[in-house]
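Here are my notes from a read-through, as numbered points. Have the model open while you go through them.

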Amino acid sequence: MAAEFDLVVRNGSIADGTGATLREGDVAVRDGRIVAVGEGLGSGAEEIDARGKLVAPGFVDIHTHYDGQATWDARLNPSSWHGVTTIVMGNCGVGFAPVRASDHSRLIELMEGVEDIPGAALHEGLKWNWESFGDYLDAIDRVPHDVDIGTQLPHGALRVYVMGERGAALEAATDGDIAEMRRLSADAMRAGALGFSTSRTLNHKTVKGDPTPSLRATEAELTGIVLGLKDAGSGVIEMISDFNQPDLPTEFGMIRRLVEASGRPLSLSLAQGHSYADGWRRILKLIEESAAGGLPIKAQVAPRPIGVLLGLQGSVNPFLTYAAFQDIKNKPLADKVKAMRDPSFRARILSEAAEREKAQAQRGIMAFDRMFPLGDPPNYEPAKETSIAAVAARSNRSAADIAYDLLLEDEGRAFLFSPFANYANYNLDHCAEMIAHKDCVMGLGDGGAHVGTISDASYATYLLAHWGRDRAKGRFDIGYLVKRQTADTARAVGLYDRGIIAPGMKGDLNVIDMDKLAVKAPTMAYDLPAGGKRLLQGAAGYEATIVSGEVVYRNGEATRALPGKLIRGPQAAPR
Ligand SMILES: [Zn+2]
């Protein structure tokens, strides 16, 4: 007898994405959609026994940078190892369309500088068989993928396309330029972009050190572009801005006017800064006031520190700029480790460290007072007294001496963790406030980017494991955390066809063993085009990740199924 359903996930503990209390039951999928949720459902051609396991909707990660990778790679790893079944890319104003042939290198330099994706990998990997944003969507569509992909129109590419050299040189857009950007932005939304993104931060620079093209875009320019979204009747706005405190009311006033003029929802990056630990509260207050007045503005937040991984394989380590280190800087890992185990080499590094300490040159991300051994399993909420500086203060060794040994652990594969945001007070209490806040949405994972220094695409797993199970205090209900990474993120980008386990919704599911759920230690892989390296980070506990009713990962191993699709435009809720 033929099975009633394509897939039945049976007897699981269902967190349905609405935040409701978990309930036992079966989930049945047919033709890629959930068709029944309940007890004792009929048979499936494939059945998964989920007794004792959490069954959740597939996670939706709205802040990634797979714009290059998605054109050459069927797998959106590391995100798809973390239960993510929908990624949204094209964030922070960077991406690869629209583009003229003469600007290919320019956009690569921008992506390499802003998102730390190796230029050589991009040069080799990108086929550039597109010019318009619509052509780019078609190119993505032709590559089979493990998970679904949503895109956004990046301001940097748009500006360079319309204004050429003037756009890259940060010149003001003319009325003609603005009209053209408005027309193209409406076209991009109609072709299937989920939104438009822009960057107004000085931290974003091309690999040559030039500021990102959108940095000083005027209000008139931004208004013109978001009116393109209004013209098309769809699209969200994503923005990253510096929000320097004295400028905050001015900058935020403009953001409000953009949302008022376009009627389109906007989200902006929000993290706790280390120089002004309460600055994020001022920004969130302004968002709250806007939301109370009916303006759809949200803050994208992260559930853990945002930080750099320092290691002998990574792009940075505490001794990278030391004179002695230059001798081994470009050598293979094994040679570095061998050299560093030589006592005379160690003495050279440590004496240089002592000099630098005297000159107080050891600052910024290299500061040992906010640098920790990451460990395995990784610890993203390390106690203050475990910082390298604190350990040194309790011993008769210098911080550099201790860091030196830590870098050599695991044959040189260990990482040190240096948070640069979200860790001002050496704890994540403020993240709890953000996770609980109705005007915040989970984001900032940057999957596919910063591949030599940062590995935050594992947030989705961390959110559930740390905040639902491991943290000593301030834990959240699992059903609520699931909602935060599914229905809430999906809706923030206009996707109402997923993120909830109910009949008619997409058959995107996770079967999770909550006892085993964990973020694994990051590792360096050398598998980008042109042999480029990237940090990868896996997870344990995902027994099955399912996209459109097909299992794409089983216990962390890829199956052969590649059911992921390009998402064209916002998706309505099923009737
Ligand atoms: Zn970003």
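1. Which residue caps the N-terminal end of α17? It's D477: one of its side-chain oxygens lies 3.1 Å from the backbone nitrogen of G479. Bear in mind, here and below, that we're looking at a predicted model.

2. Staying with α17, which covers residues 478-485: 6 of its 8 residues are buried, so the helix is largely enclosed by the rest of the structure. The buried ones are I478, G479, L481, V482, R484 and Q485. Note that G479, whose backbone nitrogen faces the D477 cap, is on that list.

3. What do those buried residues pack against? There are strands, namely β5 (54-57), β6 (59-61) and β17 (440-442), and there are helices, namely α15 (429-436), α16 (459-470) and α18 (487-492).

4. The α15 contact deserves its own point. The two helices, α15 and α17, pack at an angle of about 75°, and their axes are 11 Å apart. An angle from 65 to 115 degrees counts as roughly perpendicular, so that is how α15 sits relative to α17. On the α15 side the contact uses M434, I435 and A436; on the α17 side it uses Y480, L481 and R484. By class, that comes to 5 nonpolar residues, 1 charged and no polar ones. L481 and R484 are also among the buried residues of α17.

5. Next, S199, which is in strand β10 (residues 195-200). Buried or exposed? It is buried, because its relative accessible area is 0% and the cut-off for buried is under 20%. Its side chain makes a polar contact of 2.8 Å with the side chain of H204, and it also reaches the backbone nitrogen of T201 at 3.5 Å. Leaving aside neighbours within four places in sequence, S199 is in contact with C92, G93, H204, T212, S214, L215 and I240. For E238, 39 residues along the chain from S199, the C-alpha separation is 8.6 Å.

6. S269, in strand β12 (residues 266-269), is worth reading alongside S199. S269 is buried too, with a relative accessible area of 13%. Beyond four places in sequence, its contacts are H63, E238, M239, I240, Q300 and L444. I240 turns up here and in the contacts of S199. E238 is a contact of S269, and it is also the residue whose C-alpha lies 8.6 Å from that of S199.

7. V552 is in strand β24 (residues 550-554). It is buried, with a relative accessible area of 0%. With the same four-place exclusion, V552 touches R75, D146, T545, I546, V547, E557, A558, T559, A561 and P563. For a sense of distance, V552 and A157 are 395 residues apart in sequence and 32 Å apart in space, C-alpha to C-alpha.

8. Finally, the whole protein. The secondary structure amounts to 18 helices and 25 strands. How does the radius of gyration fit with a compact globule? For 575 residues a value near 25 Å would be expected, and the protein has 24 Å, which agrees. The C-alpha trace spans about 75 × 60 × 45 Å along its principal axes. Of the 575 residues, 61% count as buried. Among contacts with a separation of 6 or more, 75% come from residues 24 or more positions apart.

Conventions. Residues are numbered from 1 along each chain as its sequence is written. This is a predicted model: local features need pLDDT of at least 70, side-chain atom pairs count only at pLDDT 80 or more; totals for chains, interfaces and linings use all residues. Side-chain values use heavy atoms; hydrogens and water are left out. Buried means under 20% relative accessible area, exposed over 50%, partly exposed in between (1.4 Å probe, protein chains only). Helices (H or I, at least four residues) and strands (E, at least two) are DSSP runs, numbered from the N terminus. Contact means heavy atoms within 4.5 Å. A polar contact is a pair of N or O atoms within 3.5 Å; within protein, one must be able to donate a hydrogen and the other to accept it, and residues adjacent in sequence count only if both atoms are side-chain atoms. Axes are lines fitted to C-alpha atoms, for helices over the stretch in contact, and angles run from 0 to 180 degrees between N-to-C directions. Angles under 35 degrees count as roughly parallel, over 145 as roughly antiparallel, 65 to 115 as roughly perpendicular and the rest as oblique. Ala, Val, Leu, Ile, Met, Phe, Trp, Tyr, Cys and Pro count as nonpolar, Asp, Glu, Lys and Arg as charged, and the others, Gly among them, as polar. The radius of gyration is taken over C-alpha atoms; the globule rule is 2.2 Å times the number of residues to the power 0.38.
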